[in-house]
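User: I'd like a close look at one spot inside this protein, with the surroundings explained as you go. Here is what I have open.
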Amino acid sequence: MSRPVRLTCLSILLLALVVGALPSRTDASSLLPEAEALYLTEGAYPIRVSYRFSSALFHWLDSMAGLVGVGMSGGKTVEAHRREHDRRFERSDADNAMLRMWGEVRQEIAREAIDKRPPGLRGNPNAVLEVFLAAADVEDGLKRCAEWLPADRLTRLRAPLEHFAPRYRQLWQQGSRAQTFLEKARTDQRLPELEALLSRMTRFYDVDLAEAPTPELVLAPVIAGYGTHAQAIGPYLLVELRPYDRLEDVASVIVHENAHFLDNRQPRPRVRELLAQTVKNDTDGAAYRTLREALPTALGQGVADRLFRPKRWRRNQPWYHREDIDRYAKKIYRDVNRAMRDPSTRLDRKFLRRLFDRYDP
């Protein structure tokens, strides 16, 4: 992660002007509470869905500021969000200063969570992001952050949120894209197939859903032509939607991110024991780190995408934007596909050894 740049004089001046001009609480006309979370599935594998303005705005600001990496939500669609904005609006010096401010305070908070943790423990660099993925609205998110953030950092979070909120609301369009997707997906005849695959994955990862929080898809819009970005933060699965995306287009992403969710629900002592029994030469942990992204890719962009889009699925097309993960996912795909067809297969010592045998850095 790059070191944050000091606030420029212009940024400091703008912060003073904006904070002084804005009310102490968020303008209700531009930051209204959004729809309550709904359900995509409610059977064997329940999935909640939300499309709150505050979550989308937060992710959009991360993307506009180019924040990619630990603690951030920007990804390969950073340029998509920037291009959409600049096509619709003229970007001013004040806008750029606000984005710099956002990037600086977000990086400060995330880096401190990593660098100033107690010995042997890791802070949570995703803490602010997770708060806003869960928050009812912007004020709720800021109120939760105020429980541990100093006032100056809270002010520097608030200013860009309030500065860009009215403009982003025009891009968000009352969550209409997510509403349309959810309405169609909930009546899609193939939805039971998706739930069956996810249920099979719980047995594969050996996770008891009764003891886990319900995963929640957090939907946010993105323009077409740049792919999509998605990531799992605790039980919150941030997923971008392009215009006209249907269940068959998003099934692979839903499976991929739920694989991360299930992987993170495995007890760490059990994982460490399995690795100690399985991996002998992975001294720097590279094979395991790669597998943790390659396995969800094999499940999502391999198994699920072939199931839901058989005419468009290709093994020789990119499944993941990193070549090492893409290559590894394709090498383990056949093993993973067979595992999904065999209810007795678990992610145990025997199966892990088979996957690690296919690792080729």
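Which residues line the second largest cavity?

Analyst: A quick word on ground rules before we go in. This is a predicted model, where local features need pLDDT of at least 70 and side-chain atom pairs count only at pLDDT 80 or more, while totals for chains, interfaces and linings use all residues. Residues are numbered from 1 along each chain as its sequence is written, and side-chain values use heavy atoms, with hydrogens and water left out.

Now your spot. The lining of the second largest cavity is made of Trp172, Gly175, Ser176, Arg177, Ala178, Leu219, Ala220, Pro221 and Leu241. A cavity here is a set of points on a 1 Å grid over the protein atoms alone where a 1.4 Å probe fits but cannot get out, and a lining residue has an atom within 4 Å of a point. This cavity has a volume of about 50 Å³, volume being the space filled by probe spheres set on the points, with grid points joined across faces, edges and corners. Sorted by class, its lining comes out as six nonpolar, two polar and one charged. In that scheme Ala, Val, Leu, Ile, Met, Phe, Trp, Tyr, Cys and Pro are nonpolar, Asp, Glu, Lys and Arg are charged, and the others, Gly among them, are polar.

Two elements each give at least two of these lining residues: α8 (176-185) and β3. The names come from DSSP runs numbered from the N terminus, with helices (H or I) of at least four residues and strands (E) of at least two.

Let's follow β3 outward. Strand β3 (residues 216-221) runs parallel to strand β5 (residues 236-241), and six bridges join the two. Strands count as paired if DSSP finds at least two bridges between them. Ala220, one of the lining residues, sits opposite Glu240 in β5. Elsewhere along this pairing, Val218 has Leu238 of β5 as its bridge partner.

β5 itself is well covered: six of its six residues are buried. Buried means under 20% relative accessible area, exposed means over 50%, and partly exposed is in between, using a 1.4 Å probe and protein chains only. As a general point, side chains in a regular strand alternate between the two faces of the sheet. In β5 both faces are covered, with Tyr236, Leu238 and Glu240 buried on one side and Leu237, Val239 and Leu241 buried on the other. Leu241, then, is a buried residue that also helps line your cavity.

β5 has β4 as an antiparallel partner too, with four bridges between them. Ile233 is bridged to Tyr236 of β5. The hairpin of β4 and β5 has two residues between the strands, and Gly234 there takes a positive phi near 60°.

Zooming out, these strands belong to an open sheet of five with mixed pairing, in the order β1-β2-β3-β5-β4. β1 (38-41) and β4 (230-233) are the edge strands, each pairing on one side only. From one strand to the next the twist averages 30°, taken between N-to-C directions of axes that are lines fitted to C-alpha atoms, with angles running from 0 to 180 degrees.

For comparison, the model has three cavities of 30 Å³ or more. The largest, at about 130 Å³, is lined by 13 residues, with Asp263, Gln266, Tyr288, Leu347 and Leu352 lying nearest its centre. α11 (268-278) and α12 are the elements that give two or more residues to that lining, and α12 supplies the largest share, five residues. Its class count is 10 nonpolar, one polar and two charged.

One last stop, away from the cavities. There are 27 salt bridges in the model, each a side-chain nitrogen of Lys or Arg within 4 Å of a carboxyl oxygen of Asp or Glu. Glu108 and Arg156 form one of them, with the closest N and O atoms 2.8 Å apart. That pair links helix α4 (residues 93-115), home of Glu108, to helix α7 (residues 151-172), home of Arg156, across 48 residues. Both partners are buried. A second link between α4 and α7 comes from Glu112 and Arg153, 41 residues apart, whose closest N and O atoms are 3.3 Å apart. Here Glu112 is partly exposed at 33% relative accessible area, whereas Arg153 is buried at 14%.

Technical notes:
On a 1 Å grid over the protein atoms alone, a cavity is a set of points where a 1.4 Å probe fits but cannot get out, and a pocket is an open set with protein on both sides within 12 Å along at least five of seven lines; lining residues have an atom within 4 Å of a point.
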